[in-house]
Amino acid sequence: MPEAHTVSAYDDDLRFLARRLSEMGGIAERMVADAVAALVNADTASAQRVISEDLLLDDGEREIYDKAVLVIARRQPMASDLREIIGAIRIASDLERVGDLGKNIAKRVIAVHTMAQPRKLVRGLEHLAELALTQLKEVLDAFASRSPSLATSIRERDEEIDAIYTSLFRELLTYMMEDPRNITACTHLLFCAKNIERIGDHATNIAETVYYVATGEQPEGDRPKDDDTASMIAPAPGAA
Amino acid sequence: MSEAATQDAVNASVEQPVIKMRGTGVNVFYGDKQALFDVDLDVRQHSVTALIGPSGCGKSTFLRCLNRMNDTIDICKVTGEITLDSENIYAPMIDVVELRARVGMVFQKPNPFPKSIYENIVYGPRIHGQVSTRAEMDEIVEKSLIKAGLFNEVKDRLQEPGTGLSGGQQQRLCIARAIAVSPEVILMDEPCSALDPIATAKVEELIDELRVNYTIVIVTHSMQQAARVSQRTAMFHLGKLIEEGPTDKMFTKPDHKLTQDYITGRFG
Ligand SMILES: Nc1ncnc2c1ncn2[C@@H]1O[C@H](COP(=O)(O)OP(=O)(O)O)[C@@H](O)[C@H]1O
Ligand SMILES: [Mg+2]
């Protein structure tokens, strides 16, 4: 935190936003981790818990919006304070979306479990989730320390997630082609993988916001490109 | 001039703002006490420059240098150079009365003369020999009041005393009075600090319109006002110019920590 404001209630307002955001961040992290664990362990009870936790993030986002609007109306924030508040609004909506994606994974646990899961695919998904969670955790640290350099390094790492997602996509396609009975579960797993990849994107969004809050500038250069699956075609059966 | 050279000249005029007034190494002393230290500041033509900073930092002092109002304070001494259209206004042959017609001033407290609205406006042009006939005077009154956005409100009572108007109307009358002598630069020292929010909004709207024809320098205590009305902002602290730049940048990411702390309400 920079130097104190002459009006101390102003600092209380800003601290409220920061604290509420880090709470939301903690919940979002836990939801994603639990959802993926539930998926791996076929733990429907735990999946149910994740689903119900999503409400906490919805509330958090609403509270942050309300507070931010009030602070803007009341104090007409300038410069770093203004960026801080706009940043809080953006990060809150990214975290809320992360919660939705976690919830969506949890919802699929039951459907996926109707069939024996190919271990290898689940491992791949776990690995993808680990990377996304690391991104999420580090970006929350970057926010807490308002560190533009940490934010930049997180943003650059998103490509790794995209690459793993692309290879998982390919594997899932292959499984589906091998045996049509895999299609239901694999489709759900595919959505789970896509959700995790999107979580990584939200971490990247947050990294960009942190960079802006800290420096007043948009991060330089293109965002690492999206995954390649948009143009991917399944190999013809029997080929290769 | 070749076509390419003409185009270059056009490009240059787009990129290079016209400097209407320029302070270079300005020092101001009140007796032994130094109030401004080596201030270099440009005022761009047809733009509003806001001077901000905590009380006593020298904003009004700098403003008063721009039309030599400081001359009226006995103990005040100004060194350095201030130019208007590249001409040093402190040069010996400068006619200070003429200078103040070119660089007009509006004060914090609306201060109409205790005379009619009409007389308030024709006073300046008459002194400067700009009007003589009744028709000329009528015209200047109407034009100035229209430009100050006051005409419709007072056109039926031009002979009534200016002091009978509301605070906001009085301030716009003072602006009309300043405009009447066709100044090039208008200096405003906290012109809205005695006005309610609606009257303030009207004056701010007016400032934005006046910018098209005049160059404006405004001292304000309200950061929001500076952010709303100006294109350039200069931040003063303890008699020194801390930084100057585009207003949009000054209020979103100023370079200097003092500016940051001041505009975010961390001191002052
Ligand atoms: N007429 C004066 N006589 C003596 N000191 C003055 C006079 N006017 C201003 N000062 C001093 O000069 C400094 C700058 O004042 P001023 O320009 O009025 O500041 P600001 O407009 O930023 O509040 C202050 O320390 C003030 O006390
Ligand atoms: Mg002053």
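**Thr233(B) and the cavity in chain A**

Let me start with a pair of side chains in chain B: Thr233(B) and Thr247(B) make a polar contact at 2.8 Å. Keep in mind that this is a predicted model.

Thr233(B) has a second side-chain partner. That one is Ser230(B), with a polar contact of 3.3 Å.

Where does Thr233(B) sit? It is in strand β9 of chain B, residues 232-237.

Buried or exposed? Thr233(B) has a relative accessibility of 0%. The cut-off for buried is under 20%, so Thr233(B) counts as buried.

Now its surroundings. Set aside the neighbours within four places in sequence, and Thr233(B) is in contact with Ala50(B) and Ile52(B). Glu243(B), Glu244(B) and Gly245(B) are in contact with Thr233(B) too. The list ends with Thr247(B), Met250(B) and Phe251(B). Thr247(B) is also the polar partner I opened with.

Next topic: empty space. Rolling a probe the size of a water molecule over the atoms shows where such space is left.

How many cavities of 30 Å³ or more does the structure hold? One. The largest cavity has about 40 Å³ of space.

Which residues line the largest cavity? Leu14(A), Leu17(A), Ala18(A) and Leu21(A), then Glu84(A), Ala88(A) and Phe143(A). Two elements of chain A give two or more residues each: α1 (8-41) and α3 (79-112). The largest share, four residues, comes from α1(A).

Last, the chemistry of that lining. Six residues are nonpolar, none is polar and one is charged.

Note on methods: Residues numbered from 1 in each chain as written. Chains lettered and ligands numbered in written order. Predicted model: local features only at pLDDT ≥ 70, side-chain atom pairs only at ≥ 80, totals over all residues. Heavy atoms only, no water. 1 Å grid on protein atoms, 1.4 Å probe; cavity = no way out; pocket = protein on both sides within 12 Å on 5 of 7 lines; lining within 4 Å. Points joined across faces, edges and corners; volume = space filled by probe spheres on them. Nonpolar A, V, L, I, M, F, W, Y, C, P; charged D, E, K, R; others polar. Buried < 20%, exposed > 50% of the residue type's maximum accessible area, 1.4 Å probe, protein only. Polar contact = N/O pair within 3.5 Å; in protein donor to acceptor, adjacent residues only side chain to side chain. Contact = heavy atoms within 4.5 Å.
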